[in-house]
Amino acid sequence: MEKMFSLKGKVALVTGASYGIGFAIAKAFANAGATIVFNDIKQEYVDKGLSAYEKEGIKAHGYVCDVTDENAVSEYIAKVEKEVGVVDILVNNAGIIKRIPMCEMSAQEFRQVIDVDLNAPFIMSKAVIPSMIKKGGGKIINICSMMSELGRETVSAYAAAKGGLKMLTKNIASEYGEYNIQCNGIGPGYIATPQTAPLRERQADGSRHPFDSFIIAKTPAARWGNPEDLAGPAVFLASEASNFVNGHILYVDGGILAYIGKQP
Ligand code: NAP
Ligand code: GCO
């Protein structure tokens with residue numbers, strides 16, 4: 001069992017992993033034996049990330065790279081292959097959200113979200129797949145969302161991107177499965193990170209944000225998830241234990257998608 005879940009000798013690249021979900025996943029991979037590579041858009045964030053890994057006793061390799069920039073990604077991957085090694089595990093984690101009612105959203109704002117949340121996983125994946133094929137296999141994990149399945153007010157671009165990411169996941173699995181590449185998704189439920197902080201802000205009278213109460217009522221586990229809740233599922237999808245799991249989205253949501261909700 002220990003060997004089956006071990007990532008010893010593997011190079012794992014997690015995008016946008018200076019903090020939040022990406023950081024928790026990378027930390028879990030390091031604890032399972034992998035060498036960690038991550039990137040962020042600014043040196044300042046990479047430096048913060050590096051000291052956060054160091055505090056955990058992890059020697060990570062941090063790079064500046066905007067994952068939406070195809071040329072920058074090619075240079076990034078070439079550098080990683082030279083300085084660290086071929087990427088065995090890629091996690092497409094970097095993501096943004098814009099909460100704007102659809103009819104008030106500009107096409108440019110919509111495109112920005114699609115660019116980071118959908119185009120970038122395509123760009124990153126195609127940059128690592130050729131070397132994975134040469135090496136005999138690899139793992140790609142796309143961080144999807146509840147919004148890969150559900151819609152809600154104000155998140156049209158995010159839902160369109162994450163729904164698309166679910167299908168990109170299935171397509172990569174279909175197209176490269178024969179090369180021993182497994183591409184799966186993780187669909188986190190509502191996780192307490194900076195991205196969702198505005199939805200958990202206390203009200204002026206100290207009470208919970210209505211969205212916060214709504215999520216607790218809608219989640220059978222009756223709580224928000226923590227980034228660490230994604231550690232086990234991510235290690236599973238990155239390890240030999242999942243070698244015949246391909247094109248699957250593993251929802252880690254405390255049961256939200258199984259539940260119709262409490263009767264009012
Ligand atoms: P977060 O706290 O906002 O972290 C996202 C990371 O992505 C940040 O480090 C951010 O960098 C980086 N990033 C954004 N644009 C980038 C770009 N163009 N190039 C490189 N890095 C970039 O978000 P999170 O909550 O940890 O979410 C991580 C992933 O999980 C996202 O894909 C998100 O959509 C998904 N997700 C989150 C939840 C949730 O409830 N939190 C649920 C389901 C899915 P800077 O901040 O430094 O700009
Ligand atoms: C929102 C949230 C979500 C989550 C997550 C759910 O405004 O509804 O930010 O979209 O971040 O992706 O799985």
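A residue is called partly exposed when its relative accessible area lies between the limits for buried, under 20%, and exposed, over 50%. In the predicted model described here, Glu 56 has a relative accessible area of 42% and is therefore partly exposed. This residue takes part in one of the charged pairs with which the description begins.

The structure holds seven salt bridges. Side chains of opposite charge can pair when their charged atoms come close. Glu 56 is paired in this way with Lys 27, and the closest N and O atoms of the two are 3.8 Å apart. Glu 56 belongs to the loop between helix H2 (43-55) and strand E3 (61-64), whereas Lys 27 belongs to helix H1 (residues 20-31), so the salt bridge ties together parts that are 29 residues apart in sequence.

A further salt bridge joins Glu 70 to Lys 126, with 2.8 Å between the closest N and O atoms. Because Glu 70 is in helix H3 (residues 70-83) and Lys 126 is in helix H4 (residues 107-135), this pair ties together parts that are 56 residues apart in sequence. Glu 70 has a relative accessibility of 40% and so counts as partly exposed. Its partner Lys 126, with a relative accessible area of 38%, is likewise partly exposed.

Asp 229 and Arg 223 form another of the salt bridges, and their closest N and O atoms are 2.9 Å apart. The relative accessible area of Asp 229 is 29%, which means that Asp 229 is partly exposed. Arg 223, at 39% relative accessibility, also counts as partly exposed.

Arg 223 also appears among the contacts of Ile 216. When neighbours within four places in sequence are left aside, Ile 216 is in contact with Arg 208, Ala 222, Arg 223 and Trp 224. Ile 216 is part of helix H6 (residues 210-218) and is partly exposed, with a relative accessible area of 22%. Between Ile 216 and Leu 230, which are 14 residues apart along the chain, the separation of the C-alpha atoms is 18 Å.

A buried position is illustrated by Asn 142. This residue is placed in strand E5 (residues 138-143). Its relative accessibility is 0%, and Asn 142 therefore counts as buried. The side chain of Asn 142 makes a polar contact of 2.9 Å with the side chain of Thr 169. Beyond residues up to four places away in sequence, Asn 142 touches Asn 92, Pro 121, Leu 165, Thr 169, Cys 183, Asn 184, Gly 185 and Ile 186.

At the surface, Met 1, Met 4 and Phe 5 make a nonpolar patch of about 320 Å². Phe 5 is located in the segment before strand E1 (11-15). With a relative accessible area of 33%, Phe 5 is partly exposed.

Two ligands were examined in turn. Ligand 1 is surrounded by 28 residues, of which Tyr 19, Asn 93, Tyr 158, Ile 191 and Thr 193 are the closest. A nitrogen atom of ligand 1 lies 3.0 Å from a polar side-chain atom of Asp 66. For Lys 162, a polar side-chain atom is 2.9 Å from an oxygen atom of ligand 1. The backbone is also involved, since a polar backbone atom of Gly 189 is 3.5 Å from an oxygen atom of ligand 1. Taken alone, ligand 1 exposes 890 Å², and 92% of that area is buried by the protein.

Around ligand 2 there are 14 residues, and those that come nearest are Arg 99, Ser 145, Tyr 158, Tyr 190 and Gln 195. Tyr 158 is thus named among the closest residues for ligand 1 and among the nearest for ligand 2. An N or O atom in the side chain of Arg 99 is 2.6 Å from an oxygen atom of ligand 2. For the side chain of Ser 145, the corresponding distance from an N or O atom to an oxygen atom of ligand 2 is 2.7 Å. A polar backbone atom of Gly 189 is 3.5 Å from an oxygen atom of ligand 2. On its own, ligand 2 has 330 Å² of accessible area, and the protein covers 96% of this area.

Methods:
Residues numbered from 1 in each chain as written. Chains lettered and ligands numbered in written order. Predicted model: local features only at pLDDT ≥ 70, side-chain atom pairs only at ≥ 80, totals over all residues. Heavy atoms only, no water. Helix = DSSP H or I, 4+ residues; strand = E, 2+ residues; numbered from the N terminus. Buried < 20%, exposed > 50% of the residue type's maximum accessible area, 1.4 Å probe, protein only. Polar contact = N/O pair within 3.5 Å; in protein donor to acceptor, adjacent residues only side chain to side chain. Contact = heavy atoms within 4.5 Å. Patch = residues over 30% accessible without salt bridge, like charges linked within 9 Å, V, L, I, M, F, W, Y side chains within 5 Å. Areas by Shrake-Rupley, 256 points an atom, 1.4 Å probe, with all protein chains shown as cover. Salt bridge = Lys/Arg side-chain N within 4 Å of Asp/Glu carboxyl O. Near = heavy atom within 4 Å.
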